[in-house]
Amino acid sequence: MTKFSDLALDPRVLQAVSEAGYETPTPIQAQAIPEALTGRDVLGIAQTGTGKTASFTLPMITLLGQGRARARMPRSLVLAPTRELAAQVAENFDIYAKHTRLTKALLIGGVAFGEQDKLIDRGVDVLIATPGRLLDHFERGKLLLTGVQIMVVDEADRMLDMGFIPDIERIFTLTPPKRQTMFYSATMAPEIERITKTFLKNPARIEVARQATTSTTITQSLIELKPVRKDRVFGDKRAVLRALIRAEGEACTNAIIFCNRKMDVDVVAKSLKSHGFNAAPIHGDLAQSERMKTLDAFRDGSLHLLVASDVAARGLDIPAVSHVFNFDVPSHPEDYVHRIGRTGRAGRLGKAFTISVPSDEKYLKAIESLIKAEIPRGPLPEGFEPDTREGKPDRPPREDRKGRERAGRGRDRERPVKAHDEVAPMEPLVAVPKAEVTEAEPREEERREERREERREPRGERGERGGERRRDERQESRGERREDRGDRREPREDRRDYRRDRDLGPAVIGMGDHVPDFILRSFALKPSKAEDLEDASATGTEG
Ligand code: AMP
């Protein structure tokens, strides 16, 4: 078996690795590190949890050991799709480079430009960034990419999901052609294949077993809920969830609860809190500082239950999670594997409960066919009683929601969504955010939301741009951020959309019962155009 000491890594890196407690390289590390150290391009087909971050960070640190950074010209670049993932890479870099004098900067949304500018001005060896933010710095003339010797693209398939591929292509063209490229993706969609053919030179293709099977350390259970009242499914699922958590008792040291829809993440978290659970949500609508605070609390054990969407939680490295609860059966089978893989890590035992309703049947079939096993059926937890009381549905019927959503876009973004909880009965939702409407493809919608979120300016940095910090902060607090994007150069496609968005007039906030014409206007566009426009229109009015 390969040992780290066989890998020709810098002794300072080896020392840091040993202090991190790693004994042997993971398969992706054992295969990618020797190739990377020869200067060859690497194409890693691997997911989070395989040790892929160290597989590019360790050789990078070794290769950058010689030479010095020059002002505004980073020597290497790591691109990650989300702020959290970029921050995670930066944390890894700090661990592995602690005995070296290499410097790094993290360029992500939610962090003021000023500090980052100073670091980059001085010169950094490693620049870790999200694509949009990197291009912002570049376009402000604060950064030159011509000194990049090593470029890493991490989680490329997720970049594709989030619409970052044009940005990535552009960044590739801004770096010198003789750079070394390490490119990681969990899957090889045709678009990803195309990029690697265009920008990688004879890469060493390293594929580690795709996680289509679930770990044997995870005990899975499927709780089939057959609601007595169809219009009380949502409340019944929350009651099942509470009963399951209670039944697990102290064995449930912490848990991630996955919902398919971002809005449900909020509602489920609020509902749990109102029942005395220590729970908090994480999704793309929350401020970056809030997301980081929540994750830190979950990591340090002060938060017991993390309610999350797939987009927000994917790729996050949280080592010790005793339980995963799927509040919804995921509509994409591979998400099931990702979700339950958050527990039972590193040989620990974990439990994964999935709550299903009859309409989930086709998703369950897809999951069971992917994992090549039947998820064991478990009994409904003790203490669960279906809601048979007279009264209103626990959420409005689907058609209503659509109509209301259309009419209320913008307004519902301004005020917090109220939990429709049976303990604190809720008025029917007046307006439901867009994620609610696209139920058939909730994940796609979330991705678009996340993309928009990633492209937004962080709070407090606009003053540095236009001296209008105060005004902008007020607007942001009202949920109005459309102007933020006005001074950003987006890839051509996006620019066209934003211009069209601006043509629709100023953002409409708090429109009351009045429905502006543009919301009701129908457009006979090709499907892709229609989707773009929907995107632009939604970003124009949301917070
Ligand atoms: P990643 O796939 O890069 O997100 O890594 C997943 C987790 O594995 C992280 O918590 C790493 O600290 C850990 N890890 C990476 N390499 C090793 C190794 N060789 N031995 C043990 N743990 C590792």
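Tutor: A salt bridge is a side-chain nitrogen of Lys or Arg within 4 Å of a carboxyl oxygen of Asp or Glu. The model discussed here is predicted.

Student: How far apart are the closest N and O atoms of aspartate 125 and arginine 75?

Tutor: The cut-off for a salt bridge is 4 Å. Aspartate 125 and arginine 75 form such a bridge, and their closest N and O atoms are separated by 2.7 Å.

Student: Which parts of the chain does that pair tie together?

Tutor: The two residues are 50 residues apart in sequence, so their salt bridge ties together separate parts. Arginine 75 belongs to the loop between helix H3 (52–63) and E2. Aspartate 125 belongs to the loop between helix H5 (113–122) and E4.

Student: Is aspartate 125 buried or exposed?

Tutor: Buried means under 20% relative accessible area. Aspartate 125 has a value of 5%, and its partner arginine 75 has 4%. Aspartate 125 therefore counts as buried.

Student: How many bridges join strand E2 to strand E4?

Tutor: Strand E2 covers residues 76–79 and strand E4 residues 126–129, and they run parallel. Within this pairing, leucine 79 stands opposite alanine 129 in E4. The number of bridges joining E2 to E4 is four.

Student: Which are the edge strands of the open sheet?

Tutor: Seven strands form the sheet with parallel pairing, in the order E3-E4-E2-E5-E6-E1-E7. An edge strand pairs on one side only, and this applies to strand E3 (104–107) and strand E7 (204–207).

Student: By how many degrees are neighbouring strands of this sheet turned against each other on average?

Tutor: The sheet is open and its pairing is parallel. With direction ignored, the average turn between neighbouring strands is 10°.

Student: At about what angle to E5 does helix H8 run?

Tutor: Helix H8 comprises residues 165–174 and lies across E2, strand E5 (150–153) and strand E6 (180–185). Its angle to E5 is about 175°.

Student: Which helices hold arginine 339 and aspartate 310?

Tutor: These two residues form a salt bridge with closest N and O atoms 2.8 Å apart, and both are buried. They sit 29 residues apart in sequence, so the pair ties together two parts, helix H14 (residues 333–340) for arginine 339 and helix H13 (residues 310–313) for aspartate 310.

Student: How many salt bridges does a search of the whole structure find?

Tutor: Aspartate 264 and arginine 261 form one of them, at 3.2 Å between the closest N and O atoms, and both residues are buried. Lys52, Asp154 and Glu155 are joined into one network by salt bridges that share partners. The search of the whole structure finds 23.

Methods. Residues numbered from 1 in each chain as written. Predicted model: local features only at pLDDT ≥ 70, side-chain atom pairs only at ≥ 80, totals over all residues. Heavy atoms only, no water. Pairing = 2+ DSSP bridges. Axes fitted to C-alpha atoms, helices over the stretch in contact; angles between N-to-C directions. Contact = heavy atoms within 4.5 Å. Buried < 20%, exposed > 50% of the residue type's maximum accessible area, 1.4 Å probe, protein only.
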